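This briefing is for a reader new to the structure below. Please look over the sequence and the model before reading on.

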Amino acid sequence: MNVVVDLNRCQGYAQCAFLAPEVFTMHGEEALLYHPVVPDGQLERVRRAVAACPVQAILMGEEAGAGAR
Amino acid sequence: MRGEVRDGRIVIVGASLAGLRAAETLREKGFTGSLTLVGEEPQPPYDRPPLSKQVLLGRVPADRTGLPRRRDVEAQWRLGVRATGLDPIGKRVLLADGEEVPFDRLLIATGTRARPWPNPAEAALDGVFTLRTSDEARRLAERLDAGPRRVLVIGAGFTGSEIASACRERGLAVTVAERGPAPLVGALGGTLGALAAKLQRAHGVDLRCGVTVTALEGDGRLTGAQFSDGTHIDADVAVVALGAIRNTEWLAESGLAAGPRGVTCDAGCRAFDMYGIVTDDVFAAGDIARFPHPLFEYQLLSLEHWGNAVAQAEVAAHNMVNPGPRRLPHLTVPAFWSSQFGLNIKSVGVPTFSDQVVIAQGSLKDARLVAVYGYRGRVTAAVSVNQARSLAYYQRLIETAAPFPPAPGAADQIESPVPVPSDVPDPKLLSHGPTVALTGHMPDRRLTVVQPAR
């Protein structure tokens, strides 16, 4: 599973960094950095982060076109 | 009519963010025909913003920024092969491997590539990099891991500044060279450019403005660089961050309005031909597209923005499967972000479409503020520094062409409430190409710029 965050939408509420800190971290006061590939053990935490984002900025899904490689 | 647009053959050339989101939207809107995505790079669509941030910081490997898909697109992926031509009469895309892909409707989403260092011999020196693809990011990150003694960044636009920031965070010595008067000045104007310069120097960047790099030196390996002011530095890595080139060469014989500034299209993403006649089966989206925006006096805009690639791809895809009256215009307010030197910078509107700027909230001193830009008495853009939550408010002002300067905020002590000239320099004065190019002509400025051949 991969994630991408629409950082135009992101307003730095940091709910994701609270719920899945291995995948989402704040960099400075407001900027978000994230790991695009969700580690297996983190799936449930990331699902909760996706649901908890107040501006619904996180998209999680299978990697696109991976079968084409 | 309905059946006609929902089936048939659609080909998307360009398998990055815009191409992927268009493919997903086509299926969401009920397209049942055959779908082919052609991509020059061998890897499936990946996200680029992390390349100059997470990847250069060493937090994420360059080949692990793959984009998640919203749904299955049931497409044929033709990856690792470049499109070399378009036959608009025969309706086929020509590929570098000699094959041809026929289409009923075509989406052009070939984006941009990094502008290379102009001297090929110097560009070929070991240690000279550009940063646009994941492969380029991987090679640069590896070199930064090896601990170079000094990194030279040529061009202080967003990419160059983010690279400099990542290098400083790694503790590497960095020199930044910019022909313009300050970093980011081409996108944000003089007021925030001055803040960016102060910030870079406070973080230990050896920032040199108003100079150009006249030579990269070395014998096989880069050893240093010569500047136009006669100075010289030793450096074993140079990152060329001179902006982007639009991938339109393959369209040269197509009869489309395609050139160095992109593929001109209407607000519905339909491409124009070279005579300004709109096509009905060729569409464009993302960095490659150049489209008129009513909020900015119908200037043709080319935007190298993540959000524009997504929004425009969705509009293009909708219009490819809907008949005329149901088509949508692409009217999204441009928006982008950058993070560098510990700050979150976000923008809505077009800051370069301005004559004045005012700090509407916060202060330059605290590096926490909202700068609002105006053109002839109306609000056209806003840029926040560590103050992102205010931007939605200013976006509404832009959308409604609210008067500039905006009414003062109730709670804030404003450091400088008086608008000052926004000092947006002519892009020709910058090292790097602009990420937002106003490429049309201004009807009120009755002049043509004639440039002598160099």
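Which side chain of opposite charge is nearest to Glu136(B), and how many ångströms away is it? It is Arg139(B), at 5.3 Å; Lys and Arg count as positive and Asp and Glu as negative, while His and the chain ends are not counted. This is a predicted model, in which local features need pLDDT of at least 70 and side-chain atom pairs count only at pLDDT 80 or more, while totals for chains, interfaces and linings use all residues; side-chain values use heavy atoms, without hydrogens and water. Residues are numbered from 1 along each chain as its sequence is written, and chains are lettered from A and ligands numbered from 1 in the order in which they are written.

**Helix α4 of chain B**

- Glu136(B) lies in helix α4, residues 134-145 of chain B; helices (H or I, at least four residues) and strands (E, at least two) are DSSP runs, numbered from the N terminus.
- Glu136(B) is buried but has no salt bridge; buried means under 20% relative accessible area, exposed over 50% and partly exposed in between, with a 1.4 Å probe and protein chains only.
- A salt bridge is a side-chain nitrogen of Lys or Arg within 4 Å of a carboxyl oxygen of Asp or Glu.
- A polar atom of the Glu136(B) side chain lies 2.8 Å from the backbone nitrogen of Thr133(B).
- Leu140(B) is also found in helix α4 of chain B, and it counts as buried because its relative accessibility is 0%.
- Not counting residues up to four places away in sequence, Leu140(B) touches Leu56(B), Phe129(B), Leu131(B), Val237(B) and Val239(B), where contact means heavy atoms within 4.5 Å.
- With the same exclusion, Glu136(B) touches Thr130(B) and Leu131(B).

**The β4-β5 hairpin of chain B**

- Strand β4 (residues 83-87) has four of its five residues buried.
- β4(B) pairs with strand β5 (residues 92-95) in the antiparallel sense over four bridges; two strands pair if DSSP finds at least two bridges between them.
- Ala83(B) has Leu95(B) in β5(B) as its bridge partner.
- Four residues lie between the two strands of this hairpin, and Lys91(B) in the turn has a positive phi of about 55°.

**The six-stranded sheet of chain B**

- An open sheet with antiparallel pairing has the strand order β24-β25-β28-β27-β26-β29.
- β24 (335-340) and β29 (420-421) each have a single partner strand, so one side of each is left without a neighbour in the sheet.
- β25 (residues 343-349) and β28 (residues 378-385) pair over five bridges, and Lys346(B) has Ser384(B) in β28(B) as its bridge partner.

Technical notes:
Polar contact = N/O pair within 3.5 Å; in protein donor to acceptor, adjacent residues only side chain to side chain.
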